[in-house]
Amino acid sequence: MRRYWSLRTRMAVWCGAVMALVCGGFCALTLMNAHHHVTEDRRGRILATQLGVAPLIPADRRLPAVLPGSGMPILQVVDSRGQVVSASRELAGKARIASFLPPEDNRYADRTVCDAPGLAGTCVIVVALRVPEAGGDWIVYGADHAVPWYTDLRLLAALLAGSALLTGLSALGAYRAVASSLDPVEAICAELAEITATDLGRRVPVPASPDEIQKLARTVNQTLDRLEAAVERERRFAADASHDLRSPITAMRVQVEEALLHPRETDWPAVSAALLADLHRLQAIVTDLLTLARLDADLGGSDGTGDGTDLGELVSSELTHRGHQARITANLAPGVTVTGDPLQLTRLLGNLLDNAERHAAHTVTVSVRGEGPDALLEVSDDGPGIPADQREVVFQRFTRLDSARSKDEGGTGLGLAIARGIAEQHGGTLTVEDSERGARFVARLPLRTAEEAGRRPPP
């Protein structure tokens, strides 16, 4: 099984590797610079020693066979015939340590030579100095130990120790910094792991520092707020749904049981009619529940690519084909076009009309008009109206105001919730707004733009 390193370890290794590369580059540059300077210093010492011997070469002076002094740098003098005429004690009686000559345009040249005569097992820097004479040029060779690549062991040890220390400190610092940064994340994870469906009131701790972790914690808490609200809404919905479904089922069961207790005295046509009414109510509730589930899943909504729907024509057609329990007054402006599903928009209008007719005293007013970028569909009645503090409550599922229960028995308690869901699915809103009398529901939907009119739905 493949094992993965933690983020702390990965960051520590990454930072340590980067610091090691940086230190490696610094050490290489330092050693190269030190090697160059030490080499130049030794080359200068050799040349200075050679220049001290050069004045002794003229024919009127005799060079000793063994030059005075010992140790590095060492010298060897070669005459114009290529014979060694004088040398340091270390090279006395030895062959030439080198055969290269300075170029014609320069008096000296240098090379690194290994295993030269008399210097076996070592490498030296050899400088060849030309001394012009009447009978031919003489060559003075000077040599000193070659500088190793590391220049000096103490310098190499110091660089390696410093690099190791910096690499270790970088890795440790990265590990501790990441660990400190991830402590709030671990606290968030620990809290989330303990939150259950029955304990959604808990929240993750929010760090004090205004950074990305704080933003994450706030986002998680906002998500938990929405989740808690959704779960609480579903709990209330389930409780209300079970109550509204239980009532007709209980009524049907009681009617059937009473009829079976006295089958001869039972008015079966009346029982059948009562059962059919309750079944109709059950069917309406189930249909509305399925519609709400479909809206919650955001299925079948408008995607902005459908055909335009003239809202005035849609309202006029619906008012023509449906029966009315109250007098309907229509004020429909022409040319108010929206993009959406006509069936869904008809359902929105129908639910608003059903609600208005159940609460109207005499008249229901329907109007369609454009207002800025929106199309407005208004349905108002002359009934008792809705208190300002209850205007959002009426859109909750299975909600009926106490003052309206006696007149709202024909509804399922889901019509207004479905109507708002359809409006929101079409990018609009549905609210209760002020009116002189009764309730005034206003649906605002985006008007169809020229771009949407020219856009065709995908095949």
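This is a short walk through one structure, from a sheet to a core to some helix packing. Keep in mind that what we're looking at is a predicted model.

Okay, let's start with the sheet. There are six strands in an open sheet, and the order goes β1-β3-β2-β6-β5-β4, with mixed pairing. At the edges sit β1, residues 66–67, and β4, residues 108–116, and each of those pairs on one side only. As a quick reminder, strands of a sheet pair through backbone hydrogen bonds, either parallel or antiparallel.

Let's zoom in on one pair. Strand β5, residues 119–131, and strand β6, residues 138–145, run antiparallel, and eight bridges join them. If you want a spot to click on, find R130: its bridge partner in β6 is I139.

Now, what lies across this sheet? Helix α1, residues 7–53, lies across β1, β2, β4, β5 and β6. Relative to β5, α1 runs at about 55°.

On to the cores. The largest nonpolar core has 41 residues, and the two that touch the most other members are L377 and F441. Helices and strands both feed into this core: α4, α5, α6 and α7, along with β10, β11, β12 and β13, each supply at least two residues. Apart from that core there's another one, of 17 residues, and I139 turns up again there, among others such as A98, F100 and V126.

So who does F441 actually touch? Skipping its neighbours within four places in sequence, the contacts of F441 include L352, N355, L377, I386, F395, L416 and L430. There's also E378 in the list of F441 contacts, so do look at that one on screen.

Next, helix packing. The axes of α5, residues 311–321, and α6, residues 342–359, come within 10 Å and cross at roughly 60°. That angle makes α5 oblique to α6. The crossing is right-handed. As for side chains, L314, V315, E318 and L319 from α5 meet P342, L345, T346, L349 and L353 from α6.

Last stop: M252, which is in helix α3, residues 212–261. Is M252 buried or exposed? It's buried, because its relative accessible area is 15% and the cut-off for buried is under 20%. Beyond four places in sequence, M252 touches L275, D278, L279 and L282. And M252 and L276, 24 residues apart along the chain, have their C-alpha atoms separated by 9.2 Å.

That's my tour; over to you.

Note on methods: Residues are numbered from 1 along each chain as its sequence is written. This is a predicted model: local features need pLDDT of at least 70, side-chain atom pairs count only at pLDDT 80 or more; totals for chains, interfaces and linings use all residues. Side-chain values use heavy atoms; hydrogens and water are left out. Two strands pair if DSSP finds at least two bridges between them. Helices (H or I, at least four residues) and strands (E, at least two) are DSSP runs, numbered from the N terminus. Contact means heavy atoms within 4.5 Å. Axes are lines fitted to C-alpha atoms, for helices over the stretch in contact, and angles run from 0 to 180 degrees between N-to-C directions. A nonpolar core is a set of buried Ala, Val, Leu, Ile, Met, Phe, Trp, Tyr and Cys residues joined through side-chain atoms within 4.5 Å. Buried means under 20% relative accessible area, exposed over 50%, partly exposed in between (1.4 Å probe, protein chains only). Angles under 35 degrees count as roughly parallel, over 145 as roughly antiparallel, 65 to 115 as roughly perpendicular and the rest as oblique. A crossing is left-handed if the near helix is turned anticlockwise from the far one by less than a right angle, and right-handed if clockwise.
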